[in-house]
Amino acid sequence: MTSPPAPTPRTSSTERRSSFEHALRQAADVAALSPSSHNCQPWGVAWPTSPGARQEAALLVGEAPDGSSTDEPETDEYVILALDRQRRLTSLPAHAVEMLISCGAYLQILLHSLALEGWSTDLIRFVDPLSDERTSGTPSAGRPLGDTWPPLWSPLCAVRLRRTDESSGRLAELRETALARRTNRGPYRPEALDPTVLAGLCAPWAGAAEGADVTVRHLVTDGERSTFAHFVARHGGRDFSHRQAWRETHSFLRRNEAEAVARGDGFTLGQLFGPMSGPRRHILRAALAPTTMRVLRHAGYPRLLARQLALVVRPTPAIVTMSFAETAPGLEDAVRGGAHLAEYWMRATDAGLALHPVSVVLQHDDVRTELQDRLGLPGRTFFVSRLGRPLTQFPRSPRRTGARAVRMI
């Protein structure tokens, strides 16, 4: 007589929560290394743990509450991506989309990390801040997930995750790539990049990047790169001469490495220009001060800085652009676009390539529109960057610890 199979041991709710908490904090440490405009890190992630918060999260992903209870252990966990309004940039209208892109980049690396720890993304649902009743019509009103929801966070999307027990053990590899990924503003090798490598950077995406309607284009011909360099020389000083935008940018410039590490955001002069002597550091700090910019902009100082940037851009072997299909992208478009960008940048890092975003030509609508017309770029271009093999290494930007972006609710 054959004995019945032994019952599969069940994981208790407490054990599962403890396992997920460990995985989430590990994933948040990796995701903290995601790219963000000005290194402002405007993201937050909430983990619903109370019954009420979990029910609200279930509603956000479209689950219908049935009011029933069961002795079976729950198998799902939720995370809610949020925009931390206290950390966002606001001086230019284009920053609103940039902040969502930054949050999307964070989400992609967070979900990728969780998948490597055995928690797969089952469903992502985006929150419409203008129509969702839980936000009373505006992103800043009310507490959409109870009294413990941070008052300065605007929910962007809710994610349902399921335990797969298929941990790949490769989280350490992803962490190494995230640590190696950085903006490198130095010179790149002038040799052309292998088209096969470029094609590999655009292979199908997973996670939050899946379904992103984004067009990637590599400018590799001499004519395209020359056109772009001339454009940078003409318009690359726009931010320097824009009083409010430059004041906000300068507020992220840290006095030294110690201050940058203590604050966990922003950048130092070394992260902008590479290693330098003490005297040069003092000269640059004075030259970039908002009061200096205000005085010297009438003498053509922003144009000089733009020409210097163009000299760095011109010999770069490739320029990568990314564009939304729609000229006015919605919240989901922007977040998924950011996820797409993060995946591309991580793949480029694995391939030994570096990026140096030239965001100034996209942050003013008239300049961006002219650039798109000149290069024949579709929709709305949201990312343009130098791409190549760096000749020198640049220091990594300071980051907040992963735990500082995670809240239990």
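**Exercise 1.** Find the bridge partner of Val-216 in strand 6, then work outward to the sheet around it.

*Solution.* This is a predicted model, so take everything below as read from a prediction.

- Start with the pair itself: Val-216 is matched with Met-322 in strand 6.
- Now zoom out to the two strands. Strand 5 and strand 6 (residues 318-324) run antiparallel and are joined by 6 bridges.
- Next, place them in the sheet. It's an open one with 4 strands in the order 5-6-8-7, and the pairing is antiparallel. Strand 5 (214-219) and strand 7 (354-357) are the edges, each pairing on one side only.
- Check the twist: neighbouring strands here are turned by 30 degrees against each other on average, direction ignored.
- Finally, look for what sits on the sheet. Helix 6 (residues 222-235) packs there, touching strand 5, strand 6 and strand 8 (380-388). The direction of helix 6 makes about 100 degrees with that of strand 5.

**Exercise 2.** Work out the strand order of the 5-strand sheet, and say which helices pack on it.

*Solution.*

- The order is 3-4-2-1-9; this sheet is open too, with mixed pairing.
- Its edges are strand 3 (119-126) and strand 9 (406-408), each with pairing on one side only.
- Follow strand 3 inward: 7 bridges link it to strand 4 (residues 153-163) in the antiparallel sense. One pair to click on is Phe-126 with Cys-157 in strand 4.
- Helix 2 (residues 51-60) packs on this sheet and touches strand 2 (76-84), strand 3 and strand 4, its direction making about 80 degrees with that of strand 2.
- Helix 14 (residues 331-350) also touches strand 2, strand 3 and strand 4; here the angle is about 150 degrees, taken with strand 3.

**Exercise 3.** Check the length of helix 1 (residues 13-31), then sort out its buried and exposed sides.

*Solution.*

- With 19 residues at 1.5 Å a residue, helix 1 should span 27 Å; the end C-alpha atoms lie 26 Å apart, so the two agree.
- Buried residues in helix 1 are Arg-16, Arg-17, Phe-20, Ala-23, Leu-24, Ala-27, Ala-28, Val-30 and Ala-31.
- Because these cover an arc of only 145 degrees around the axis, they fall on the same side of helix 1.
- Flip to the other side and you'll find Thr-14 and His-22 exposed.

**Exercise 4.** Is Asn-184 buried or exposed?

*Solution.*

- Locate Asn-184 in the loop between helix 4 (171-180) and helix 5 (195-200).
- Its relative accessibility is 2%, so Asn-184 counts as buried, the cut-off being under 20%.
- Leaving aside neighbours within four places in sequence, the contacts of Asn-184 include Leu-355, His-356, Arg-386 and Phe-394.

Key:
Residues are numbered from 1 along each chain as its sequence is written. This is a predicted model: local features need pLDDT of at least 70, side-chain atom pairs count only at pLDDT 80 or more; totals for chains, interfaces and linings use all residues. Side-chain values use heavy atoms; hydrogens and water are left out. Two strands pair if DSSP finds at least two bridges between them. Axes are lines fitted to C-alpha atoms, for helices over the stretch in contact, and angles run from 0 to 180 degrees between N-to-C directions. Contact means heavy atoms within 4.5 Å. The expected span of a helix is 1.5 Å times one less than its number of residues. Buried means under 20% relative accessible area, exposed over 50%, partly exposed in between (1.4 Å probe, protein chains only). The arc is that of the directions from the helix axis to the C-beta atoms.
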